[in-house]
Amino acid sequence: MATLLTGKSVVERMAQGLAPRIDALVQAGVTPTLTLVRVGERPDDLSYERTAVKRAEALGIAVRRTMLDELAPQEALEAALIELNCDSDVHGCLLFRPLPSFMDEGRVCELLVPDKDVDGITLASLASVFTDGRTGFPPSTAAACLEMLDHYGIPVAGKHVVVVGRSLVIGKPVSMMLLRRNASVTICHSKTEDLARLCASADIVVCATGRARAFGAEFFSPGQTVLDVGINFDTQGKLCGDVDFEAVEPVVGAITPVPGGIGSVTTSVTMAHTVEAAERAAAHRGLLGTAACGNGR
């Protein structure tokens with residue numbers, strides 16, 4: 001049987017590391033604050049919002065909400081983001097996406113200042129992922145993959161990693177972050193020929209396609225580590241990943257479950273980014289030494 005790479009112990013370790021940093025901020029007169037920005041009431045957004053609020057409150061991170069009607073004009077969302085940019089008490093902003101189809105999501109994302117971009121949605125933040133920069137933060141889910149590997153002591157340097165998916169949310173940024181760790185990365189997608197053979201040849205496979213149970217046992221081989229980033233619902237309405245867990249778990253060496261895997265760590269990464277954003281802001285104001293700041297990269 002494969003080793004289950006569950007998120008619970010990762011979340012607990014991250015919370016322990018964040019606690020003294022949050023205490024130091026509070027002692028300096030700064031309360032790390034995250035604002036959630038939501039348009040409409042999509043069930044998945046509401047579910048993630050509840051999780052985020054619960055995680056933040058447990059850590060001592062303040063949460064604010066900016067909620068707009070699903071038919072609100074884009075100008076209203078833009079005005080809200082501009083206001084958040086100017087609010088020095090807000091350190092991080094999490095914008096729930098996708099936005100309604102009538103909105104220009106690219107334009108909206110670019111309105112957020114990178115300093116408060118704790119989920120890597122701005123071009124400046126993404127550019128830093130590709131250039132090893134320090135502007136903004138990487139996408140939380142991509143960073144969660146690295147947190148998972150680090151926590152379980154799974155080596156990356158010198159390993160062959162196949163990433164299936166090429167989005168700017170997961171596929172491309174996690175590939176660059178793994179490359180920075182000296183992995184040899186192959187990026188695959190729906191048009192890749194002989195995908196099963198490529199996946200089976202890797203040491204680590206990251207599945208991030210958004211296709212429920214699309215990857216069966218034929219895609220994998222003994223001893224591999226599999227990170228399933230997919231959050232899907234099957235035809236029976238059951239939450240599942242991109243990987244057919246029941247078929248693949250007996251084959252590989254280690255695998256993340258869905259739910260309870262990468263998704264649970266993603267929320268903690270967003271909180272860690274918010275704390276670091278607060279540290280950077282406090283250091284800029286002379287309230288906290290720069291040595292106290294964490295490293296979101």
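This report describes two sheets and several helices of the structure above, which is a predicted model.

The open sheet of six strands is ordered β1-β11-β8-β7-β5-β6, and its pairing is parallel. Because β1 (3-4) and β6 (184-188) each have a single partner strand, they stand at the edges, and one side of each is left without a neighbour in the sheet. Strand β5 (residues 160-164) runs parallel to β6 and is joined to it by five bridges, with Val-162 standing opposite Thr-186 in β6.

The open sheet of three strands, also with parallel pairing, has the order β3-β2-β4. Here β3 (62-68) and β4 (92-95) are the edge strands, each with a single partner strand, so one side of each lacks a neighbour in the sheet. From one strand to the next the twist averages 20 degrees. Strand β2 (residues 33-39) is joined to the parallel strand β4 by four bridges, and Thr-35 stands opposite Cys-93 in β4.

Helices α2 and α3 pack on this sheet, while α7 lies across two strands of the six-stranded one; the table gives their directions.

| Helix | Residues | Strands | Angle |
|---|---|---|---|
| α2 | 43-59 | touches β2, β3 and β4 | about 170 degrees to β2 |
| α3 | 74-86 | touches β2, β3 and β4 | about 175 degrees to β2 |
| α7 | 171-180 | lies across β5 and β6 | about 170 degrees to β5 |

Helix α10 (residues 262-284) has 23 residues, which at 1.5 Å a residue should span 33 Å, and this agrees with the 33 Å between its end C-alpha atoms. Because 18 of these 23 residues are buried, α10 is largely enclosed by the rest of the structure. Following α10 comes Gly-286, whose phi is positive, near 80 degrees.

How values were computed. Residues are numbered from 1 along each chain as its sequence is written. This is a predicted model: local features need pLDDT of at least 70, side-chain atom pairs count only at pLDDT 80 or more; totals for chains, interfaces and linings use all residues. Side-chain values use heavy atoms; hydrogens and water are left out. The expected span of a helix is 1.5 Å times one less than its number of residues. Buried means under 20% relative accessible area, exposed over 50%, partly exposed in between (1.4 Å probe, protein chains only). Two strands pair if DSSP finds at least two bridges between them. Contact means heavy atoms within 4.5 Å. Axes are lines fitted to C-alpha atoms, for helices over the stretch in contact, and angles run from 0 to 180 degrees between N-to-C directions.
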